[in-house]
Amino acid sequence: MIKDLREFLEILQREGELHVVEGEVDPHLEIAEIHRRVIARGGPALLFTKVRGSTFPVVTNLFGSNRRMELAFGRRPLDFVADLVRAAEQLSPSLKKVWEMRGLIRSMLKIGTSIQRSGPILESCMIPPRLTELPMLTSWASDGGPFVTLPLIYTEHPEGKGHNLGMYRIHRYDDTTTGIHWQIHKGGGFHYHEAEKKNQSLPVSLFIGGPPALMLAAIAPLPENLPELMLASLLQGGKFPLTRDPRGGHVLPAFVEFAVKGSVPPHVRRPEGPFGDHYGYNSLQHDYPIFQVDRIYHRRDAIYPATVVGRPRQEDFYIGDFLQDLLSPLFPLVMSGVRQLKTFGEAGFHCLAAARVADRYPREAFASGLRILGEGQLSLTKFLLITDGELDVADFPRLWVHLLERVDWRTDLFIFANVSQDTLDYTGPSVNKGSKAMLMGLGKEPKRVLPESFSGELPAEVADPVVFLPGTLVVSGPSWQKDQELPKRLAAYPSLVEWPVIILVDDSRAATLNLQEFIWSFFTRFEPAADIHGAVTLVHRFHVGLTPPVVFDCRMKPWYPEVLEVDPVTRQLVDKKISGLIPSQWL
């Protein structure tokens, strides 16, 4: 059981998974760029001991590899969930079965919280608070300022209906005020919504650091009202230690590095952002509630953990994959008919998901798809792929080919317009609004043989055809502003009639460099209701059916935010000093 961040760092150092950076670095842009270069080469966690403008060291890249995820959590949580599922499947266990489950029962008795008289978090208290002394990172030159990038936000329902621990970014304005990026579909946002209806401020605690179990519990997409502190206890392997705040309010995790206490007043908004997010684009500035800070507790010689998000793959990719491995055995229990479910970090998770389902009666697969699109944060999925085939849906190339061999474009593509869309996805007509789609490829036998090479003609304005996967032709075209009607003409072009899917992009060579770039360029750059076109579109019994080829217009649109790129000044600055900070094998 890893009780705190320091113990985890000791393990990482012992295993050769931590590099201590001795030279002085700036939390404004420098740390983030060093982090990006190291994680791109599969490098270790980084402990920056000399941070300009702060007495607190910074550690990043804690979870940026499968090996470090294993060191943080091991197999025990995965085995516990698997045992729990097996027990749930035996509704009337015999005495023999109960005896076989004794290990699970012992583990369940350890789950919970415990109150300690005191804890390291109470070693220091900063009143009045001085948030500017915390080494918050500015990750991109386009960011609106410094952010807490591993914030653990704790709230309680105003009517006593449970707590929420979530990761909602924090934008520092000054020593006592931040923006808090709450969305209404997240637990903390629900709590604030209820408090605001009563014209009340909502008490908020911001925790930074602590054991890996606490950080992961805050990120996990748990069903509403399932307490995250229970997941932290499960991941940690014992009762999760809390201590009381001597000045009142929320209890505090005893071993976090920082605990920032305050409240969010009702009906007050302030511009928050921009922020370079995990989709790989700038999420733009919008009005969000403000967090007013009263006091800051911190450990003596506290260590400030941070992460850097941006164009996949980043550290959050490994966290997301571990969480899916942990929680996926539960999906068949809560969603009958769903055999396997995968969300793809290559597209920022919410843009693309896939499921293997049962199809025992006509269109049962469709019902399972609707069940997925109605489940918690999965409801933000933009494009859902459904199959009943015996294959691993995490294997995207195999899954995509399997679907294209079986899909009937007249009946198996469902587009749901005028629905909510993830706040960070700007492909829709306005923030939080857009569409989603479900594409099904069902049956044991394929309906067609997919083309694997292209030698035909293309319209004059289209170039650089690339067959990235069988049945999928990726082509470059002029910008969307110059030719908005091109997808319709492309779908009707005679030489393309044998192709099920054509993906229209700004640069087909860049979009097909590898599978990561293909998935990212494809699924983060189109909105289903606006950017899917068929050679023929028919409406039958209120269902829109298409005749292939089906063209996905994945060109950048004028209202999309910019792709995240390192600014030249920061790149040159880090170029000059990084060799003196980081060993050459990670550069």
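Strands β29 and β30 (residues 543–553) run antiparallel and are joined by eight bridges. Within this pairing, His-533 has Val-551 of β30 as its bridge partner. The model in which these strands appear is a predicted one, and the account below begins with the sheet to which they belong.

That sheet is open and is formed by five strands in the order β26-β27-β28-β30-β29, with mixed pairing. Its edges are β26 (463–469) and β29 (532–540); each has a single partner strand, so one side of each is left without a neighbour in the sheet. From one strand to the next, the twist averages 25°.

Two helices are associated with this sheet. Helix α13 (residues 396–406) packs on the sheet and touches β26, β27 (472–476) and β28 (501–505). The direction of α13 makes about 100° with that of β26. Helix α16 (residues 515–523) lies across β26, β27, β28 and β30, and runs at about 110° to β26.

The two helices also pack against each other, at an angle of about 50° and with their axes 11 Å apart. Helix α13 is therefore oblique to α16. On the side of α13, the contact is made by Phe-396, Pro-397 and Trp-400. On the side of α16, Leu-515, Phe-518, Ile-519, Phe-522 and Phe-523 take part. A general property of helices is relevant to such lists: an α-helix has 3.6 residues a turn, so residues three or four places apart point the same way.

The backbone around β29 and β30 has two further features to note. Arg-541 lies in the loop between these two strands, and has a positive phi of about 55° although it is not a glycine. The side of Arg-541 is not covered over: the residue is exposed, with a relative accessible area of 73%. Within β30 itself lies Pro-549, and the peptide bond leading from Pro-548 to Pro-549 is cis, with omega near 10°. For context, most residues other than glycine have a negative phi, and most peptide bonds are trans.

A cis peptide bond also joins Pro-312 and Arg-313, where omega is about 5°. Arg-313 is found in the loop between β20 (304–305) and α10 (315–327).

Another part of the structure is centred on helix α7 (residues 187–197). Its buried residues are Gly-187, Gly-188, Gly-189, His-191, Tyr-192, Ala-195 and Glu-196. Among the elements that cover these buried residues are β7 (152–156), β8 (163–166), β11 (202–208) and β14 (258–264).

One residue of β7 illustrates how this region is connected. Thr-155 lies in that strand and counts as buried, at 0% relative accessibility. The side chains of Thr-155 and His-191 are joined by a polar contact of 2.8 Å. Leaving out residues up to four places away in sequence, Thr-155 touches His-163, Asn-164, Trp-182, Gly-188, His-191, Leu-202, Pro-203, Val-204 and His-250.

Just after α7 comes Asn-199, which lies in the loop between α7 and β11. Its phi is near 60°, a positive value in a residue other than glycine. At 54% relative accessibility, Asn-199 counts as exposed.

A further threonine is found in strand β21 (residues 338–344), namely Thr-343. Thr-343 is buried, with a relative accessible area of 13%. Apart from its neighbours within four places in sequence, Thr-343 is in contact with Gln-324, Phe-349, Leu-352, Ala-353 and Leu-378.

The cysteines remain to be considered. A disulfide is a covalent bond between the sulfur atoms of two cysteines. How many disulfides does a search of the whole structure find? The search finds zero. Why does Cys-554 form no such bond? The closest cysteine sulfur to that of Cys-554 is in Cys-351, and because the two are 11 Å apart, they are too far for a bond. Cys-554 counts as buried, at 0% relative accessibility, whereas Cys-125 is partly exposed, with a relative accessible area of 32%.

How values were computed
Residues numbered from 1 in each chain as written. Predicted model: local features only at pLDDT ≥ 70, side-chain atom pairs only at ≥ 80, totals over all residues. Heavy atoms only, no water. Disulfide = S-S within 2.5 Å. Buried < 20%, exposed > 50% of the residue type's maximum accessible area, 1.4 Å probe, protein only. Helix = DSSP H or I, 4+ residues; strand = E, 2+ residues; numbered from the N terminus. Contact = heavy atoms within 4.5 Å. Polar contact = N/O pair within 3.5 Å; in protein donor to acceptor, adjacent residues only side chain to side chain. Pairing = 2+ DSSP bridges. Axes fitted to C-alpha atoms, helices over the stretch in contact; angles between N-to-C directions. Parallel < 35°, antiparallel > 145°, perpendicular 65-115°, else oblique.
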